[in-house]
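Please work through the exercises below with the sequence and the coordinates at hand, and try each task before reading its solution.

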Amino acid sequence: SLRPIFKSEELVFEVFPTILNLLTILPFLAVWILSSQEDQGAQDAGRALGDTMSVIPTVAYQRGVQALLTSERDFGPVSWADSFGWDMRVIHSTVLCAAVA
């Protein structure tokens, strides 16, 4: 319970959504930082960490949206079929998210 940390139960109810958002955004932020490094080893570590953490629905969603938004920069012009190829990792995130549900 978070009650010992906060002065009142109302404060817990007010702050909890922010804490929950931080807990779901921070893992994706770590994956994004690793994936955007110049070092290939760091990129591979970020990709592996992201693939593993895609069992968390919010991380899977964020990774899928990131892949769609950066697809043209990373792969050049892409078609609808390319968007859901394994190279872009969108289908990977979608399958993991569906498997967890």
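The exercises that follow concern a predicted model, and each is paired with a worked solution.

**Exercise 1.** Place arginine 47 in the fold, and decide whether arginine 47 is buried, partly exposed or exposed.

*Solution.* Begin with the secondary structure, where arginine 47 is found in helix α2, which covers residues 40-53. Next take the relative accessible area, which is 37% for arginine 47. Since buried means under 20% and exposed means over 50%, arginine 47 is therefore classed as partly exposed. Finally, look beyond the neighbours within four places in sequence: the residues in contact with arginine 47 are then Ser35, Arg63 and Arg89. Phenylalanine 13, by comparison, lies 34 residues away along the chain, and its C-alpha atom is 35 Å from that of arginine 47.

**Exercise 2.** Describe the largest pocket by its volume, by the residues closest to its centre and by the elements that line it.

*Solution.* The volume of the largest pocket comes to about 460 Å³. Its lining is made up of 16 residues, of which Ser35, Arg47, Gln66, Thr70 and Asp74 are the closest to the centre. Two or more lining residues are given by each of α1 (9-35), α2 and α3 (57-75), and the largest share, 7 residues, is that of α3. Sorted by class, the lining holds 6 charged, 5 polar and 5 nonpolar residues.

**Exercise 3.** Compare the end-to-end reach of α1 with its expected span, and locate its kink.

*Solution.* With 27 residues, α1 reaches 39 Å from its first C-alpha to its last, close to the 39 Å expected at 1.5 Å a residue. A kink of about 35° is nevertheless found at valine 15, shortly before proline 17. Turning to burial, the buried residues of α1 are Val12, Thr24, Pro27, Phe28 and Val31, and α2 and α3 are included in what covers them.

**Exercise 4.** Repeat the span analysis for α3, and establish which elements its buried residues pack against.

*Solution.* The 19 residues of α3 should span 27 Å at 1.5 Å a residue, and because its end C-alpha atoms are 25 Å apart, the two values agree. The helix α3 does bend, by about 45° at leucine 69. Its buried residues include Arg63 and Thr70, and the buried residues of α3 pack against α1, α2 and α5 (90-100). Just after α3, glycine 76 adopts a positive phi of about 80°.

Methods
Residues numbered from 1 in each chain as written. Predicted model: local features only at pLDDT ≥ 70, side-chain atom pairs only at ≥ 80, totals over all residues. Heavy atoms only, no water. Helix = DSSP H or I, 4+ residues; strand = E, 2+ residues; numbered from the N terminus. Buried < 20%, exposed > 50% of the residue type's maximum accessible area, 1.4 Å probe, protein only. Contact = heavy atoms within 4.5 Å. 1 Å grid on protein atoms, 1.4 Å probe; cavity = no way out; pocket = protein on both sides within 12 Å on 5 of 7 lines; lining within 4 Å. Points joined across faces, edges and corners; volume = space filled by probe spheres on them. Nonpolar A, V, L, I, M, F, W, Y, C, P; charged D, E, K, R; others polar. Expected span 1.5 Å × (residues − 1). Bend = angle between axes of the 7 residues up to and from the residue.
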